[in-house]
Amino acid sequence: MEAEANSGSPEDSWAFIQRPGEGCRTVPLAGHVGFDSLPDQLVNKSVSQGFCFNILCVGETGLGKSTLMDTLFNTKFEGEPATHTQPGVQLRSNTYDLQESNVGLKLTIVSTVGFGDQINKEDSYKPIVEFIDAQFEAYLQEELKIRRVLHTYHDSRIHACLYFIAPTGHSLKSLDLVTMKKLDSKVNIIPIIAKSDAISKSELTKFKIKITSELVSNGVQIYQFPTDDESVAEINGTMNAHLPFAVIGSTEELKIGNKMMKARQYPWGTVQVENEAHCDFVKLREMLIRVNMEDLREQTHSRHYELYRRCKLEEMGFKDTDPDSKPFSLQETYEAKRNEFLGELQKKEEEMRQMFVQRVKEKEAELKEAEKELHEKFDRLKKLHQDEKKKLEDKKKSLDDEVNAFKQRKTAAELLQSQGSQAGGSQTLKRDKEKKNSLHLHQLLLFYS
């Protein structure tokens, strides 16, 4: 029985093996079985989590950056007006939660306040580069954590940079070329000519050609819409030829015919924002939001962030291969870096110790020299003191001798004076007695006379 089944066709063998016997039951399928539902699962999961998109608007003051954002997303974004009195360029970031059908979008708009307002514009690009790198660094630190929460982490990396070019009709400014050259390796740059209704159509065509030529000659890499996907290859290839887009922004709605449309009213006529014959606003909106938003997000992660991450990890000492082209494990890299760090630390510690010992020796020598000078000074002062003391003692001795001599002379003088006084007193008494006797005799003579 088994031999006959094996000798037949595969279908017969399968039918024989699968033939239900007594006591077996057949379970019918409840529905379609297959993995072609995976895209639907991914769509449902992505929709439930929501999306984020971050736009950086770079351009000089007065080019209509805020107005274009309001027009692009058909929303009046609330924001504080800038005073443009800052000494440098500042970046202002605002995040908004938008909803379209059942899809949520966390939109972040970053604007450059004061860009091009300074007299010296040499360092105007530095705050922008530092801001972009700061967002990359924040994401990298989140990735390097032991417990990562990237599924709930708010991704603040810049996905698209709309660079607003002034409608001069001549050529790009040096500030524009330098800034775009510094940013092209860090962000997806989409150049746009702002307020394109300020120049004529023929001038605008020449201006676009001039801008494209200058970008190529200066090696500035702008974002090119991808053409590898067949579904969007044709439209993206066509739109790449229209770069840079000449756009007009307006939140004012005017009645044109029987419809209300966003437009700008001039004395000579009306410019319709969504009329492709008037400007490239519709092209920009289609390319930026409807067709290539996900590619911009992907390019930011796979190209610009990966470049920053690779350079940062190489600076930290991490490598993929050793000098023998063998793969490096993270543990080996960490141990090698740790040993290198400890070696450098020990080397620095030894240098500091030697420097400390050298400085102590120098200080001891200085102190000994100072001590020697103090001893010599003390000896000089001591000798000087002794000489002065000896002089004072000699002078005191001479003064004592003079005092004693003076006392002797004084005693002798006093003695002589006393002797003279005694002799003079006895003579006076004798004279007084004689005078008295003569007076008495005279009185007696007068009495007897």
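The lining of the largest pocket in this predicted model divides into nine nonpolar, ten polar and seven charged residues. The pocket that these residues surround has a volume of about 910 Å³. Its lining comprises 26 residues, and those closest to the centre are Gln49, Gly50, Phe51, Cys52 and Arg297.

Several helices and strands take part in this lining. Helix H3 (38–49), strand S1 (51–58), strand S2 (90–100), strand S3 (103–113) and helix H10 (293–315) each supply at least two residues. Gln49 falls within the range of H3, Phe51 and Cys52 within that of S1, and Arg297 within that of H10. The biggest share of the lining comes from H10, which gives five residues.

The second largest pocket has a volume of about 720 Å³. It is lined by 20 residues, and Glu100, Leu105, Ile289, Arg290 and Met293 lie nearest its centre. By residue class, this lining divides into nine nonpolar, five polar and six charged.

Which elements each supply at least two residues of the lining of the second largest pocket? They are S2, S3, helix H9 (281–291) and H10. Here H9 gives the most, with five residues. Ile289 and Arg290, two of the residues nearest the centre, fall within the range of H9.

S2, S3 and H10 thus appear in the linings of both pockets. H10 is the main contributor to the largest pocket, whereas H9 holds that place in the second largest.

How values were computed. Residues are numbered from 1 along each chain as its sequence is written. This is a predicted model: local features need pLDDT of at least 70, side-chain atom pairs count only at pLDDT 80 or more; totals for chains, interfaces and linings use all residues. Side-chain values use heavy atoms; hydrogens and water are left out. On a 1 Å grid over the protein atoms alone, a cavity is a set of points where a 1.4 Å probe fits but cannot get out, and a pocket is an open set with protein on both sides within 12 Å along at least five of seven lines; lining residues have an atom within 4 Å of a point. Grid points are joined across faces, edges and corners, and a volume is the space filled by probe spheres set on the points. Helices (H or I, at least four residues) and strands (E, at least two) are DSSP runs, numbered from the N terminus. Ala, Val, Leu, Ile, Met, Phe, Trp, Tyr, Cys and Pro count as nonpolar, Asp, Glu, Lys and Arg as charged, and the others, Gly among them, as polar.
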